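Reader: Could you take me through the charged and aromatic side-chain contacts in this structure?

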Amino acid sequence: MMTSSFVPFADAAGSVRLYGGPTQAASGHDKGTIRVALDETDWSALMLAVRDGRDRAAFAALFRHFAPRLKSYLMKSGANATKAEDCVQDVMATVWHKAAQFDPERAAVSTWVYTIARNRMIDMMRRERRPEPEAMPWNEEAEPDQADVYAAAEDSRILSAALAELPEKQRHLIQRAFYGDLSHSEIALETGLPLGTIKSRIRLALDRLRAKITES
Amino acid sequence: MKTRPSIRHHLNDALLMSYAAGHLSEAFGLVVATHVTLCDECRARLESFEALGGAVIEAEDEAAISTEALARMMARLDVPVVSAPPKAARKTTLPAPVAAYVGGDLDAVKWRAVGGGVRQAILPTGRKATVRLLHIPAGQAVPDHGHRGTELTLVLRGAFRDATDRFGPGDLEIANEDLAHKPVAEAGEDCICLAATDAPLRFVGLMPRLLQPLFRI
């Protein structure tokens with residue numbers, strides 16, 4: 001199952017492993033010992049190493065990347081530093097314990113981590129119930145489709161690039177919507193321009209998801 | 001594959017984005033979650049907005065994290081988490097998010113008459129907006145009303161028409177203050193809707209206005 005997204009162990013990983021302690025032995029269904037891809041920027045490979053190998057070094061690398069960014073996002077969304085850091089700990093604990101739910105065909109790591117952080121933030125700050133759509137019966141074929149795994153990561157890269165390329169003022173509008181500074185009516189009034197730009201880039205993602213959903 | 005109704009009236013970007021950002025009121029969130037449950041297209045659009053949230057995270061500055069944060073995190077990994085056993089999903093005719101608020105299926109709804117044969121049941125949510133189930137007998141009209149804020153009306157069963165169009169199962173009407181409308185349930189089948197408002201409705205006739213405080217509509 002986890003084959004092509006893994007590359008042989010690279011020695012660049014040494015420093016990472018210091019934090020993680022011994023990596024658990026690979027589970028039986030793979031040949032040989034899994035030494036995870038520790039290219040520290042391949043979040044998907046790191047996340048799969050956490051999911052399938054319970055790899056602490058990979059988890060530490062993900063923590064180092066996401067924790068400071070999540071803290072920044074949470075503080076801009078209204079949490080103080082202490083609360084934000086507690087929330088980051090909860091979010092990353094969920095990433096570890098619910099790793100089995102990570103599906104690289106469906107979402108990039110950043111998307112998955114984002115939704116966990118958003119949900120935790122609502123639970124902490126709003127104390128309301130959080131209505132969620134019924135889960136889709138997802139098409140869980142035995143072999144993950146590597147093209148879809150690639151496409152999900154690629155969509156996420158395209159979105160990041162589209163966001164980065166927006167004029168600063170427009171990018172800031174999008175960010176403010178995510179920090180909760182804009183009501184839905186304000187989003188409708190103010191974000192037309194940047195959303196138009198971004199939507200012209202995410203058509204691919206829509207088509208892929210739509211195709212994926214209707215297969216099931 | 002489930003056969004889904006052919007939905008013609010969808011969520012707009014502002015509602016999807018606000019929901020994806022986690023900042024929509026609970027009442028509106030319930031309508032969004034219910035429409036997304038019924039509509040594959042809006043589900044895909046929602047997931048794209050969530051991916052945009054991921055891109056926002058990636059673009060964040062790196063806030064300073066306390067030095068012991070990683071050690072604290074790693075120490076926590078071995079602490080087993082007790083998670084509630086997943087509830088066995090009962091098959092309901094109501095979409096799952098609505099069933100969760102009703103606490104059962106249609107027969108568990110506690111209806112109250114609001115006049116003209118129309119019945120409603122207000123669902124318990126946070127107070128920023130309200131959401132209710134409406135039962136409109138076939139051929140009946142909901143009293144003429146305008147809105148101060150936004151009103152979302154999602155058809156769960158049957159269909160209604162107003163001056164703008166026909167709305168069938170899964171269709172969502174987004175009405176703002178410019179729209180004074182008089183939805184009429186189609187003949188043949190009672191219409192059940194999930195309707196949310198972020199401001200009280202303004203009924204045009206005198207009597208319904210007097211009744212408004214009583215029924216919270």
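Author: The following answers treat salt bridges, then ring pairs, then charges over rings. This is a predicted model, in which local features need pLDDT of at least 70 and side-chain atom pairs count only at pLDDT 80 or more, while totals for chains, interfaces and linings use all residues. Residues are numbered from 1 along each chain as its sequence is written, chains are lettered from A and ligands numbered from 1 in the order in which they are written, and side-chain values use heavy atoms, with hydrogens and water left out.

Reader: How many salt bridges are there over all chains?

Author: The search of the whole structure finds 20. A salt bridge here is a side-chain nitrogen of Lys or Arg within 4 Å of a carboxyl oxygen of Asp or Glu. Side chains of opposite charge can pair when their charged atoms come close.

Reader: Which residue of chain B does Asp86(A) meet in a salt bridge?

Author: Its partner is Arg72(B), at 3.0 Å from N to O. Asp86(A) belongs to helix 4 (residues 81–97) of chain A and Arg72(B) to helix 4 (residues 69–76) of chain B, so this pair joins two chains. Helices are DSSP runs of H or I with at least four residues, numbered from the N terminus.

Reader: Are those two buried or exposed?

Author: Asp86(A) is partly exposed at 31% relative accessible area, and Arg72(B) is partly exposed at 37%. Buried means under 20% relative accessible area, exposed means over 50%, and partly exposed lies in between (1.4 Å probe, protein chains only).

Reader: And what about Arg51(A)?

Author: Arg51(A) forms a salt bridge with Asp52(A), with the closest N and O atoms 2.8 Å apart. Arg51(A) counts as buried, because its relative accessibility is 17%.

Reader: Changing topic, how many aromatic pairs are there?

Author: The count is six over all chains. Rings of Phe, Tyr and Trp (its six-membered ring) pair if their centres lie within 6.5 Å; planes under 30 degrees apart count as stacked, over 60 as edge-to-face and the rest as tilted.

Reader: Why is the pair of Tyr73(A) and Tyr114(A) edge-to-face?

Author: Their planes stand at 65°, with the ring centres 5.9 Å apart, so the pair is edge-to-face. Tyr73(A) and Tyr114(A) are both buried, and ring pairs link them with Phe178(A) into a cluster.

Reader: Which ring does the charged end of Arg129(A) sit over?

Author: That ring belongs to Tyr101(B), and the charged end is 4.0 Å from its centre. A charge sits over a ring if NZ of Lys or CZ of Arg is within 6 Å of the ring centre and within 35 degrees of the ring normal.
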